[in-house]
Amino acid sequence: MSIGSKNPDERRLIGRAAPQEDWGALQGLLATTYEFQSDFLETDFLPSVFDLGAWDDRRRSSRIAMERRLAEMTGAVIMLDPHGYRTRPRSMRIEVKPALAPSRGKLHAKILLLVHEKAVRLLVGSHNLTEPGWRKNLEISTVLIAEPGQTGQILLIREALETGREILKPWWNVAAQKLHDLALTRLNTFGEGQTVGPDEFVWSGPERPLWRRFLDHWPAGERIKTITILSPFWSEESSSNPINQLLDILDER
């Protein structure tokens, strides 16, 4: 779920996938995930993203409607860790890219890039591309939306795209590059001339762990007031676990 509304039906993350009418047609989709359910993608997630209304996978008209939308797009790419890959979607218009990357660890990033005619959306959080991730679990997610004139989120999404391509190199392909270029073209049109933003987007990997990246962006001279951590995983207590390393170095500062 996404946090905000007191109504559980309104807090399901899948509701954030639906587009607004003034954004125009969806032209590209790129997602990264660790766990993956192909049936959820085609019978629930994509109908929501395309705003197709009531969906019945047994009806030919439903399948034709989705294939038509996919055909009109620049591309739809799903990048995932091979440990979570079991079956591919029925539609051959969806490119699924599982890849082993031993030097970079497992692909645990969960992002969703949606490029519309008049908007670019980036959802970042803890949700896998599965029914539990989008409909049942308690998940933390932020939704960045770039439209003409909203320079803060334009810059943040642009930074995410420009720095993420190298991180995702083992999974990158021609279709992903086209979506990347399309999104940057849209963002440059929305916020031409903007070069500085108040926030930063951080990727991490084995070469530069997240706790170290967090410290790299810590404002000089700023003291700690509170630290809040939300995570389904927790390292065993030891002097070398990420939390202790983070706190030890912050204490030295």
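## A tour from the central strands outward

Select Ile111 first: its bridge partner in strand S5 is Val124. The next pair to display is Leu112 with Leu123, its bridge partner in S5. The model on screen is predicted, so local features need pLDDT of at least 70 and side-chain atom pairs count only at pLDDT 80 or more, while totals for chains, interfaces and linings use all residues. Residues are numbered from 1 along each chain as its sequence is written, and side-chain values use heavy atoms, leaving out hydrogens and water.

**Strand S4 and its partners**

Extend the selection to strand S4, residues 111-116. Strands (E, at least two residues) and helices (H or I, at least four) are DSSP runs numbered from the N terminus. Of the 6 residues of S4, 6 are buried, where buried means under 20% relative accessible area, exposed over 50% and partly exposed in between (1.4 Å probe, protein chains only). In a regular strand, side chains alternate between the two faces of the sheet. In S4, one side carries Ile111, Leu113 and Val115, the other Leu112, Leu114 and His116, and both faces are covered.

Now add S5, residues 120-125, which pairs with S4 in the antiparallel sense over 5 bridges; strands pair if DSSP finds at least two bridges between them. With 3 residues between them, S4 and S5 form a hairpin. Strand S1 (residues 26-33) also pairs with S4 in the antiparallel sense, over 6 bridges. To see one of these bridges, select Leu26 and its partner in S4, His116.

**The whole sheet**

Display the other strands to complete an open sheet of 6 strands in the order S3-S2-S1-S4-S5-S6, with mixed pairing. The edges are S3 and strand S6 (141-146), each of which has a single partner strand, so one side of each is left without a neighbour in the sheet. On average, neighbouring strands of this sheet are turned by 10° against each other, direction ignored. Add helix H2 next: H2 lies across S1, S2, S3 and S4 and runs at about 135° to S1. Such angles run from 0 to 180 degrees between N-to-C directions of lines fitted to C-alpha atoms, for helices over the stretch in contact.

**Salt bridges**

How many salt bridges does a search of the whole structure find? The search finds 6, each defined as a side-chain nitrogen of Lys or Arg within 4 Å of a carboxyl oxygen of Asp or Glu.

Select Arg86 and Glu35, whose closest N and O atoms are 3.2 Å apart in a salt bridge. Arg86 lies in the loop between strand S2 (75-80) and strand S3 (94-98), and Glu35 in the loop between S1 and helix H2 (38-49), so the pair ties together parts that are 51 residues apart in sequence. Arg86 is exposed, at 57% relative accessible area, whereas Glu35 is partly exposed at 26%.

Move next to Arg135 and Asp44, which meet in a salt bridge at 2.6 Å, N to O. This pair links distant parts of the chain, with Arg135 in helix H4 (residues 131-136) and Asp44 in helix H2, 91 residues apart. Arg135 is partly exposed, at 27% relative accessibility, while Asp44 counts as buried at 16%.

The side chains of Asp216 and Arg208 form a further salt bridge, at 3.0 Å from N to O. Asp216 is partly exposed at 40% relative accessible area, as is Arg208 at 37%. Then select Glu42, Arg63, Glu67 and Arg93 together: salt bridges that share partners join these four residues into one network.

**His180 in helix H6**

Go to His180 in helix H6, residues 174-190. Is His180 buried or exposed? At 3% relative accessibility, His180 counts as buried. Not counting residues up to four places away in sequence, His180 touches Leu161, Glu162, Arg165 and Trp172; contact means heavy atoms within 4.5 Å. The side chain of His180 reaches the backbone oxygen of Leu161 at 3.2 Å.

**Helix H8**

Finish at helix H8, residues 242-252, and select its buried residues, Leu246, Ile249 and Leu250. These cover an arc of only 100° around the axis, which puts them on the same side of H8; the arc is that of the directions from the helix axis to the C-beta atoms. Helix H7 (210-216) is included in what covers these buried residues. Turn to the other side of H8 to find Asp251 and Glu252, which are exposed. At the start of H8, select Asn241: a side-chain oxygen of Asn241 comes to within 3.0 Å of the backbone nitrogen of Ile243.

Methods
Polar contact = N/O pair within 3.5 Å; in protein donor to acceptor, adjacent residues only side chain to side chain.
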